[in-house]
Amino acid sequence: ISEIKQKFAFQVLGIVPLDTLQNNRGGLVVQREPDSFASEIYRMIQTNLKFLAVKQQPKVILMTSSVPGEGKSLVAANLAAAMAQLGRKVLLIDGDLRKASQHDLWQISNKVGVKDVIAHKTPLSQVVTQPIKQLNVLTSGTIAPNPLALLDSPEMSQLVAAARKEYELVIIDAPPLAVTADVLTLSKLADGIVFVSRPGIVEHESAELAKEPLDNAHLEKQVLGMVINGVKQKEFDRYSYHAKYSKSYFSAPTETSQTKTATA
């Protein structure tokens with residue numbers, strides 16, 4: 001974690017432990033185990049986003065990372081689910097038209113998606129899927145030959161503008177920063193960027209490559225903060241004061257079991 005903090009001087013919104021990823025059958029722990037400690041971690045991330053010292057709360061959030069393999073899509077999906085479970089109407093858009101993954105994470109169809117709304121004028125309401133209450137997912141759709149042209153189109157701007165009116169929060173799962181120009185294009189449509197970084201995956205060179213487009217496009221101020229993902233349990237316990245209290249709370253015996261013990 002200390003190395004990640006040295007590479008990126010972003011505010012830490014949350015730390016996700018490695019065992020959350022390893023034990024994530026089907027990918028989405030917040031969907032499967034809404035009352036678990038892992039789900040509470042994502043609720044803490046959304047709480048930290050809510051209390052950011054910004055003039056206006058971000059309504060459209062872009063999720064990105066330095067390189068592939070840092071788990072930004074998984075973090076985006078779980079964060080969207082956590083916010084939906086708190087009663088907010090959320091739209092999760094798979095904006096990675098080159099290597100889409102949200103349909104796999106949610107185990108839903110990808111026959112139609114972003115490409116169809118933009119290229120074929122298909123209404124948003126006919127394309128989204130609702131995997132859980134309050135959450136709609138817009139998958140990428142069939143991969144297009146020139147994704148950047150779609151993302152940089154007036155139709156994409158109209159899609160996000162329509163989503164702003166219909167949803168309380170829009171999360172866009174974007175490609176890694178250093179891979180394509182897609183993130184810079186999508187950043188024009190977003191109110192802020194959440195950066196996902198994973199120890200052991202991002203190297204110094206990758207970090208520098210990721211920071212370069214941010215610096216060149218003056219997007220540093222648009223970065224709301226960073227989620228450090230896939231942290232080993234020992235280091236997670238050492239760094240996260242939240243873990244020391246929450247883990248004991250979530251593993252505490254219920255009132256019924258305590259009564260039985262006292263009676264015995």
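Two strands count as paired if DSSP finds at least two bridges between them, and strand 4 and strand 5 make the list with 2 bridges in the antiparallel sense. That's a handy way into this predicted model, which has an open sheet of 8 strands. Around that sheet you'll meet two helices that pack on it, a nonpolar core of 83 residues and a pocket of about 360 Å³.

**The sheet**
- Going across the open sheet, the strands come in the order 1-8-7-2-6-3-5-4, and the pairing is mixed.
- At the edges sit strand 1 (12-17) and strand 4 (129-132), each with a pairing on one side only.
- From one strand to the next, the twist averages 25 degrees.
- As general background, strands of a sheet pair through backbone hydrogen bonds, either parallel or antiparallel.

**The strand 1 side**
- Strand 1 runs parallel to strand 8 (residues 223-231), and 5 bridges join the two.
- One of the partnerships here links Pro 17 with Val 231 in strand 8.
- Helix 4 (residues 37-50) packs on the sheet and touches strand 1, strand 2 (60-65), strand 7 (192-197) and strand 8. Its direction makes about 175 degrees with that of strand 1.
- Leu 224 belongs to strand 8. Its relative accessible area is 10%, so it falls under the 20% cut-off and counts as buried.
- Among the residues Leu 224 touches are Leu 13, Leu 49, Ile 61 and Ile 193.
- Leu 224 and Leu 62 are 162 residues apart in sequence, yet their C-alpha atoms are 9.7 Å apart in space.

**The strand 4 side**
- Strand 4 and strand 5 form a hairpin with 2 residues between the strands, and Gln 134 there takes a positive phi near 75 degrees.
- Across the hairpin, Ile 132 stands opposite Leu 135 in strand 5.
- Strand 5 also pairs with strand 3, this time in the parallel sense over 4 bridges. Here, Leu 91 has Asn 136 of strand 5 as its bridge partner.
- Which way do the strand 5 residues point? Leu 135 and Val 137 go one way, Asn 136 and Leu 138 go the other, and all are buried.

**Helix 5 and the core**
- Helix 5 lies across strand 2, strand 3 (90-94), strand 4, strand 5 (135-138), strand 6 (169-173), strand 7 and strand 8, at about 165 degrees to strand 6.
- The largest nonpolar core has 83 residues, and Trp 106 and Leu 138 have the most contacts inside it. Helix 5 (residues 72-85) gives this core its largest share, 10 residues.
- Trp 106 is in touch with residues including Leu 28, Ala 77, Ala 81, Leu 92, Ile 132, Leu 135 and Val 137.
- More broadly, nonpolar side chains tend to be buried together in soluble globular proteins.

**The pocket, and a loop residue**
- The largest pocket has a volume of about 360 Å³ and a lining of 22 residues.
- Which residues lie nearest its centre? They are Pro 68, Gly 69, Lys 72, Ser 73 and Asp 96.
- Helix 5 turns up again here, with 3 residues that make the largest share of the lining.
- Ser 66 lies in the loop between strand 2 and helix 5. Is Ser 66 buried or exposed? Its relative accessibility is 0%, so Ser 66 is buried.
- The contacts of Ser 66 include Phe 8, Pro 176, Phe 195, Val 202 and Ala 210.

Conventions: Residues are numbered from 1 along each chain as its sequence is written. This is a predicted model: local features need pLDDT of at least 70, side-chain atom pairs count only at pLDDT 80 or more; totals for chains, interfaces and linings use all residues. Side-chain values use heavy atoms; hydrogens and water are left out. A nonpolar core is a set of buried Ala, Val, Leu, Ile, Met, Phe, Trp, Tyr and Cys residues joined through side-chain atoms within 4.5 Å. Buried means under 20% relative accessible area, exposed over 50%, partly exposed in between (1.4 Å probe, protein chains only). Contact means heavy atoms within 4.5 Å. Axes are lines fitted to C-alpha atoms, for helices over the stretch in contact, and angles run from 0 to 180 degrees between N-to-C directions. On a 1 Å grid over the protein atoms alone, a cavity is a set of points where a 1.4 Å probe fits but cannot get out, and a pocket is an open set with protein on both sides within 12 Å along at least five of seven lines; lining residues have an atom within 4 Å of a point. Grid points are joined across faces, edges and corners, and a volume is the space filled by probe spheres set on the points. Lists of a residue's contacts leave out its neighbours within four places in sequence.
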